[in-house]
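Colleague: Please take one part of this model and go through it slowly, with the cut-offs behind your terms spelled out as you reach them. I would like a single connected account rather than a list.

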Amino acid sequence: MNAEAPKRGQHLLDARKRFATGGGFFARLFAPGFHHILDRIDAGLDYGSFECKLPDGTARILGGRGEGPMAEITLHSWNSLLRLINSGSVGWYRAWELGEWESVDLVPVFDLFVRNREGLKSTGRASGFFNWIVKRKHNNRSNSKQRARQNIQYHYDLGNDFYRLWLDDSMSYSSAIFANDKDSLEQAQRNKIDAIAERLSTKAGDKVLEIGCGWGSLSGSLARDRKLDVTGISLSDEQTAWAREHHPEAQYLIQDYRDVEGQYDAIASVEMVEAVGQQYWPDFLDSIARNLKPGGRAGLQYITIADDFFEQYAASADFIQTYIFPGGMLLSESRFRELAEARGLRWTDQNSFGIDYAETLKLWRDRFDQAVESGALPAGFDERFVRLWRFYLAYCEGGFRAGGIDVAQVTLIKER
C-alpha cells in the first residue's frame, strides 16, 4: 500500500465523526461500575462463554452455562465496556479500532452477542442519549429518492479494482449456495444464480427486470444462457460500467427502482431490498407489483433479522448501518411478507440458507486477507480501512453463524 496515494474508503472511516461512540468523560461520569457491566453480560449468556483478560491483569470467564462458542477477548481499557454499553456495536467497533480490546478471532465474539440476544436484551445496543444521536443520524441518511444514489455510491463505488480482489470471478456480492462441502465459491455462486433463474419460470424472449443488478452476473447469465430480454438497474456508476463491459448481452440503466415503468414477465432482485430501509419496503413491493405482468413471478434473495429481535434492532442503528450501508435495514420477514401479500403478491417456495452466507463471508475474508498480505490491495486503502473491512466481514459472519440473521430466497407470484 502506497502511503502517498490518496486515501480511499476514508468516508467509511469518517462515519464515526457523525455518530456518538460512547467514550470520553461524559460516559465515564455516568457509567456503572466495570464489573457490574461484566455481571450483566455474564447473566445474559445462556449459550457459550467469554474468556476475558481484564485491564487490571485479572481474568474472568463469563457464561459457560450452555453449549455454544467460546470467545477469547482481551480488554486493554475499561473504556471499551463504556462504549459497548452506551453505543452498542458502533462503540464496540470504535473501541476495537482504538485498540481498547482485541480477540484472536472476532467471529465467535459477534456470534455470542447475537446468539444470546434474548438474555442480553439491551446490553450491546446503543442506549439513552447515545442511541438518540445514532438513530437520528441514521434517519438523516434514509434512502429517499434524493439520497439513495449517494448511499449506494458510498459503499459500492469504492472501486471495481477493490472488489475484484476478494469476490469470485462473477463479482457476486451476495450469499452463495453450497450444494456440498466440495463446492468452490465460484460454483456456489453459480448455484445461487441458477436457483434464482429457476424461480422466474421464463421462456426465451421473455422480458426480465433485475432490481439492483450489481456487477451484472445474474442479468448477464439470464440473457446469455436463457435467451431472455434483460434490463438491469443500479445506482452505482462503478458497478454499471463493469456490467456493461463484461455482460453486454443485457441492458443496464442507472435508475431508481421507484422510477421503473413497464411490464415484465419476471423480476429478479438479489439482496437489494435490505438496502432500501423499512419505510421504503412498500415502495419496493409497489414497484414489483406495478411492473410485473399478471401471473408473472419475482425471484428475491433477501437478508432477515430474527422477528423476536426486530423491534430492538429497528430502535437503534448498528455498526453496519453506521459504517457500511447507510440507510439500510434488515428485513422482518413477517412484516415484509404481509406487505407483499397485501399487494397481491403470493409468497411461495421460501428457502433459507444462513450458514451458506457464513461460509461465503469466511471465504471473502480469507481472500481479502490474502490480497492484503500479498500487497495486492489498490493504493490508497490504509491500515485503518483494512481493519474496518475485516471487522465488517467477521461481524456479519458471526451473525449468520448465531442464527440471528438469515438469508433466504422466495418466489412472489402476481395474482391480480
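Modeller: The buried residues of H11 pack against H10, E5, E6, E7 and E8, where H and E labels stand for DSSP runs counted from the N terminus (helices are H or I runs of at least four residues, strands are E runs of at least two). Please bear in mind that this is a predicted model, in which local features need pLDDT of at least 70 and side-chain atom pairs count only at pLDDT 80 or more, while totals for chains, interfaces and linings use all residues. Residues are numbered from 1 along each chain as its sequence is written, and side-chain values rest on heavy atoms, with hydrogens and water left out.

H11 spans residues 217–226 and is mostly covered, with seven of its 10 residues buried; buried here means under 20% relative accessible area, exposed means over 50%, and partly exposed lies in between, for a 1.4 Å probe and protein chains only. The buried residues of H11 are Ser217, Leu218, Ser219, Gly220, Ser221, Leu222 and Ala223. Just after the helix, lysine 227 has a positive phi of about 55°.

The strands against which H11 packs lead on to a sheet. It is an open sheet of seven strands in the order E7-E6-E5-E8-E9-E11-E10, with mixed pairing, two strands being paired if DSSP finds at least two bridges between them. At its edges lie strand E7 (251–254) and strand E10 (345–352), each of which pairs on one side only. From one strand to the next, the twist averages 20°.

Helix H10 (residues 185–200) packs on this sheet and touches strands E5 (207–211), E8 (264–270), E9 (292–305), E10 and E11 (405–414), and its direction makes about 145° with that of E9; contact means heavy atoms within 4.5 Å, and axes are lines fitted to C-alpha atoms, for helices over the stretch in contact, with angles running from 0 to 180 degrees between N-to-C directions. Helix H16 (residues 333–342) also packs on the sheet, touching E9, E10 and E11, with its direction at about 150° to that of E10.

As for the pairing itself, strand E6 (residues 229–234) and E7 run in the parallel sense over four bridges, and serine 234 has isoleucine 254 of E7 as its bridge partner. Further along the strand order, E8 and E9 run parallel and are joined by six bridges, with valine 270 partnered by glutamine 301 of E9. E9 is itself mostly covered, 10 of its 14 residues being buried.

Valine 270 and glutamine 301 appear again around a loop residue. Serine 174 sits in the loop between helix H9 (160–163) and H10, and it counts as buried because its relative accessibility is 6%. Apart from neighbours within four places in sequence, serine 174 is in contact with Gln189, Lys192, Val270, Glu271, Gln301, Tyr357, Thr360 and Trp364.

H16, already met on the sheet, also packs against other helices. With helix H13 (residues 281–291) it makes an angle of about 40°, the axes being 10 Å apart, and H13 and H16 are therefore oblique to each other; angles under 35 degrees count as roughly parallel, over 145 as roughly antiparallel, 65 to 115 as roughly perpendicular, and the rest as oblique. The crossing of H13 and H16 is right-handed, a term for the near helix being turned clockwise from the far one by less than a right angle, whereas anticlockwise is left-handed. Trp281, Pro282, Phe284 and Leu285 of H13 make this contact with Arg335, Phe336, Leu339 and Ala340 of H16. By class, the contact of H13 with H16 has seven nonpolar, no polar and one charged residues; Ala, Val, Leu, Ile, Met, Phe, Trp, Tyr, Cys and Pro count as nonpolar, Asp, Glu, Lys and Arg as charged, and the others, Gly among them, as polar.

Helix H14 (residues 307–314) and H16 have axes that come within 9 Å and cross at roughly 95°, so H14 and H16 are roughly perpendicular to each other. This contact is formed by Asp307, Phe310 and Glu311 of H14 and by Glu333, Ser334 and Arg335 of H16, and the residues divide into one nonpolar, one polar and four charged.

For the wider setting, the chain has 18 helices and 11 strands, and 58% of its 416 residues count as buried.
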